Amino acid sequence: CCCCCCCFCWSCSLLSSRRLPHIGSHARNSPAIAAVHCPFAHCDRRGWKVARTRTSTRMSQIATATMSTITTSPHPLACDCTPQHLHTRRMDAVPEVEIDASGVFKYVLVRLTSKGSSKVVLRGTVRAEYHANVVEELEEQLPEGIDTKCLGGGRINHSPSTQSILVYGYSQGFGRGDHALAVEMLKRAYPTYTSITFKNEGY
């Protein structure tokens, strides 16, 4: 659509002390506020110049999304995420695979959930005497608000010298993990390895 119109940047006007009295000029010029991109266009934070959008419909949609951010964020305009996006980003920040650099050790598959978002992660370490210890270590590292459920486990033989990983065995407490899924995840984490396989035998 080639139609466009001009309007005063609504989100930037909210940063004026008249609309948000608790945010003064020093806050408006702070790096945290300055880093926020105006949802209408790239504003000149010195001039607060007029912004453009392509259609009035798009302006309305952006204004609605921006108001949702302001009313749900602990710091107005400090983040351009909705609550659901915040949970998704927090989940995405958790690495899918983390195992020790070498050795034979216990591993677990754990499903993480937070406000409708979920993902499965793999963890393994020689520090764990039991599979439950691997889960506990993971839970200590997770951000608040993420729930965990162990889907099973086994053992991993990681040999970086031969670029190989073998997944096998089972967990007495959580049962046998989905070794095929574990192999898929490990292949994504170690794309240059020549051999990443599994077997159901052994403990």
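1. A good place to start is the pair of strands S4 and S5, which run antiparallel and are joined by 9 bridges. Please keep in mind as you read that this is a predicted model. The two strands form a hairpin with 2 residues between them. In that turn, lysine 115 has a positive phi of about 50 degrees. For one concrete pairing to look up, take lysine 106, whose bridge partner in S5 is threonine 125.

2. On its other pairing, S4 meets S6. Strand S4 covers residues 103–114 and strand S6 covers residues 147–159, and the two pair in the antiparallel sense over 11 bridges. Two positions help to find the register by eye: valine 110 stands opposite cysteine 150 in S6, and tyrosine 107 has glycine 154 as its bridge partner in S6.

3. Now step back to the whole sheet. What is the order of its strands? The open sheet has 6 strands in the order S3-S5-S4-S6-S7-S8, and the pairing is mixed. Strand S3 (97–99) and strand S8 (195–198) are the edge strands, each pairing on one side only. On average, neighbouring strands of this sheet are turned by 25 degrees against each other, with direction ignored.

4. Two helices deserve a look here. Helix H6 (residues 131–141) packs on the sheet and touches S3, S4, strand S5 (117–125) and S6. The direction of H6 makes about 50 degrees with that of S4. Helix H7 (residues 179–189) also packs on the sheet, and its contacts are S3, S4, S5, S6, strand S7 (164–168) and S8. Compared with the direction of S8, that of H7 makes an angle of about 165 degrees.

5. Which residues of H7 are buried? They are His179, Ala182, Val183, Met185 and Leu186. Looking down the axis of H7, you will find these buried residues within an arc of 165 degrees, so they line one face of the helix. What covers them includes S3, S4, S5, S6, S7 and S8.

6. Valine 108 is a helpful residue to click on. Valine 108 is found in strand S4. Is valine 108 buried or exposed? Its relative accessible area is 1%, and because buried means under 20%, valine 108 counts as buried. Leaving out residues up to four places away in sequence, valine 108 touches Val121, Leu122, Arg123, His131, Val134, Val135, Cys150, Gly152 and Gly153. Asparagine 133 is 25 residues from valine 108 in sequence, and their C-alpha atoms are 9.9 Å apart in space.

7. Next come the charged pairs. Side chains of opposite charge can pair when their charged atoms come close. How many salt bridges does the structure hold? There are 4. One of them joins the side chains of glutamate 96 and arginine 188, at 2.8 Å from N to O. Glutamate 96 sits in the loop between helix H5 (83–92) and S3, while arginine 188 belongs to helix H7, so this pair ties together parts that are 92 residues apart in sequence. With a relative accessibility of 28%, glutamate 96 counts as partly exposed.

8. Another salt bridge brings together the side chains of aspartate 100 and arginine 127, at 4.0 Å from N to O. This pair links distant parts of the chain, with aspartate 100 in the loop between S3 and S4, arginine 127 in the loop between S5 and H6, and 27 residues separating them. Aspartate 100 counts as buried at 14% relative accessibility, whereas arginine 127 is exposed, with a relative accessible area of 56%.

9. Do follow arginine 127 one step further. Arginine 127 forms a salt bridge with glutamate 137, and their closest N and O atoms are 2.4 Å apart. Here the loop between S5 and H6, which holds arginine 127, is linked to helix H6, which holds glutamate 137; the two residues are 10 apart. Glutamate 137 is partly exposed, with a relative accessible area of 24%. Salt bridges with shared partners thus join Asp100, Arg127 and Glu137 into one network.

Methods:
Residues numbered from 1 in each chain as written. Predicted model: local features only at pLDDT ≥ 70, side-chain atom pairs only at ≥ 80, totals over all residues. Heavy atoms only, no water. Pairing = 2+ DSSP bridges. Helix = DSSP H or I, 4+ residues; strand = E, 2+ residues; numbered from the N terminus. Axes fitted to C-alpha atoms, helices over the stretch in contact; angles between N-to-C directions. Contact = heavy atoms within 4.5 Å. Buried < 20%, exposed > 50% of the residue type's maximum accessible area, 1.4 Å probe, protein only. Arc of directions from axis to C-beta.
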